[in-house]
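The exercises that follow ask you to read helix geometry, burial and packing from a set of coordinates. Please work through each task with the structure in view before reading its solution.

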Amino acid sequence: MSTAIAPKRPEIKTALPGPKGRAIVEADAKFVTPSYPRPSFKLVADRAKGVWVTDVDGNVFLDCNAGVAVCSTGHCHPEVVQAIQDQAAELIHMCGTDYYYRQMPELAQKLDEIVPVRRPTRTHFANSGTEAVETALKLAMHATGREKFIAFFGSFHGRTLGSLSLTSSRAAQRMGFKRQVLDVVHVPYPNVYRNPFSAEDCGNGGAGQGALNWIENRLFKTTTPPEEVAAIVVEPVQGEGGYLPAPDGFLQGLRRICDEHGIMLIVDEVQSGMGRTGKMFALEHYGVQADIVCIAKGIASGLPLGACVARADLMNWKPGAHASTFGGNPVACASALKTIELLERELIANSAEVGGYLKRGLEKLMSKHDCIGDVRGPGMMIGVEFVKDQTTRTPDPDLRDRVEVASFERGLILLGCGPNTIRWSPPLILTKENADVALEIFDEAIAASK
Ligand SMILES: Cc1ncc(COP(=O)(O)O)c(C=O)c1O
């Protein structure tokens with residue numbers, strides 16, 4: 001007789017949301033801004049541990065989104081909780097812009113060791129991804145004396161006015177705000193599944209070469225002389241735009257272009273960084289170093305922290321040029337130091353291994369369901385694109401939305417990105433057993449949604 005213990009599964013006991021959840025959603029609708037881009041399913045979280053989230057009505061979900069790619073070490077990892085509690089008991093805030101405390105240089109030194117930027121580096125601390133990007137933009141302008149930027153369609157870099165000038169993944173992000181604050185020109189992102197460039201643009205180098213040629217042969221020769229460009233800003237795996245990994249050669253090509261023209265290469269690793277792709281930073285897959293890297297989301301396991309890490313010779317701005325009251329507060333820094341320790345100890349390796357296992361499982365589902373057009377991405381940053389059928393590749397955003405909801409109803413938390421893709425960004429502690437459960441539910445959700 002087998003003594004194997006059945007794998008833990010989600011437990012859905014009420015309608016979703018249940019009565020307590022509904023009351024919170026109603027209060028939220030009354031008092032909280034309606035500008036948050038919430039999906040059509042409603043998760044009202046109460047507590048969470050590891051990969052499991054319990055809602056206020058006692059329903060238990062398997063989380064394959066990690067609070068939008070943030071809870072890298074899983075929810076409330078005991079060592080992270082301990083580090084936060086210890087730090088909170090000693091020093092919560094002091095304002096690093098005016099005073100000193102050891103956690104700030106400790107974390108900056110650790111980042112200097114691990115970030116794909118030529119050493120030595122310096123770090124500016126902020127509270128979010130968009131703030132890390134704002135820092136990068138200001139720094140590039142300050143360091144080059146130039147003010148034009150090149151960004152990519154489908155990109156997401158944040159919603160404050162500077163980063164919003166780059167962001168271009170949905171019209172809703174721009175509606176009502178009229179003009180761009182910064183002088184940004186957008187180039188199609190080299191989407192390998194849906195190559196936006198002509199054969200003439202690509203030569204024999206594919207979508208990546210198409211994008212490079214677009215910049216050099218069109219932009220530089222018309223609207224955007226290279227000597228006026230402060231920076232090219234790029235996500236190595238486009239996140240909100242649809243979980244699209246950059247093709248080989250593309251980032252290397254951007255590096256070459258930047259070097260030739262004194263342009264800063266700003267790499268936004270806010271979503272792709274901190275072990276998410278099976279390496280500490282996605283750039284490491286390409287062997288490229290940036291001039292400036294933006295980090296947030298997974299760096300502190302859920303506490304608000306953003307970091308802009310740059311070549312030290314660029315960060316020669318004067319006191320007062322850029323600072324933030326809360327940025328890099330001691331508790332967030334302590335949480336980040338513990339998070340990085342856990343990533344290095346085991347979780348980056350787990351992200352690569354279990355991420356690969358999960359991806360193979362999703363590829364099997366692609367051979368079973370004609371409505372999955374593409375499965376892509378490294379580590380635990382996997383996109384599953386929904387189409388009418390694999391031959392025409394016609395996008396099917398409605399089906400994607402239905403699958404997202406059907407998964408949720410079965411206790412699996414997944415979130416869409418891009419027009420018709422579901423992202424898999426689980427906590428990096430996900431096990432193969434968890435992955436099997438998630439794949440089984442996803443399979444059922446697809447079958448029920450067609
Ligand atoms: C690549 C990237 N950059 C920047 C941001 C903005 O981060 P935040 O929401 O913390 O401002 C995000 C958020 O999704 C992101 O994915």
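**Exercise 1.** State which residue follows α9 and what the sign of its phi is, and then examine the span of helix α9 (residues 250-261).

*Solution.* The residue that follows α9 is G262, and its phi is positive, near 65 degrees. The model is a predicted one, in which local features need pLDDT of at least 70 and side-chain atom pairs count only at pLDDT 80 or more, while totals for chains, interfaces and linings use all residues. Residues are numbered from 1 along each chain as its sequence is written, and side-chain values use heavy atoms, with hydrogens and water left out. Helices here are DSSP runs of H or I with at least four residues, and strands are runs of E with at least two, numbered from the N terminus. The expected span of a helix is 1.5 Å times one less than its number of residues, so the twelve residues of α9 should span 16 Å, which agrees with the 17 Å between its end C-alpha atoms.

**Exercise 2.** Identify the buried residues of α9 and the elements against which they pack.

*Solution.* Buried means under 20% relative accessible area, with exposed over 50% and partly exposed in between (1.4 Å probe, protein chains only). In α9 this applies to F250, L251, G253, L254, R255, I257 and C258. Taking contact as heavy atoms within 4.5 Å, these buried residues pack against β5 (148-152), α8 (206-219), β7 (229-234) and β10 (264-268).

**Exercise 3.** Carry out the analysis for helix α4 (residues 103-114).

*Solution.* Helix α4 has twelve residues and reaches 17 Å from its first C-alpha to its last, close to the expected 16 Å. Its buried residues are Q103, M104, L107, A108, K110, L111, D112 and I114, and their cover includes α3 (78-90), β4 (121-126), β11 (292-295), β12 (306-311) and α10 (330-368).

**Exercise 4.** Describe how α10 and helix α12 (residues 432-449) pack.

*Solution.* The axes, which are lines fitted to C-alpha atoms over the stretch in contact, with angles running from 0 to 180 degrees between N-to-C directions, lie 10 Å apart at an angle of about 20 degrees. Because angles under 35 degrees count as roughly parallel, α10 is roughly parallel to α12. The contact is made by E353, V354, Y357, L358, G361, L362, L365 and K368 of α10, together with K432, A435, D436, L439, F442 and D443 of α12.

**Exercise 5.** Is G129 buried or exposed, and which residues does G129 touch?

*Solution.* G129, found in helix α5 (residues 129-144), is buried, with a relative accessible area of 15%. Not counting residues up to four places away in sequence, G129 touches V270 and A296.

How values were computed: Parallel < 35°, antiparallel > 145°, perpendicular 65-115°, else oblique.
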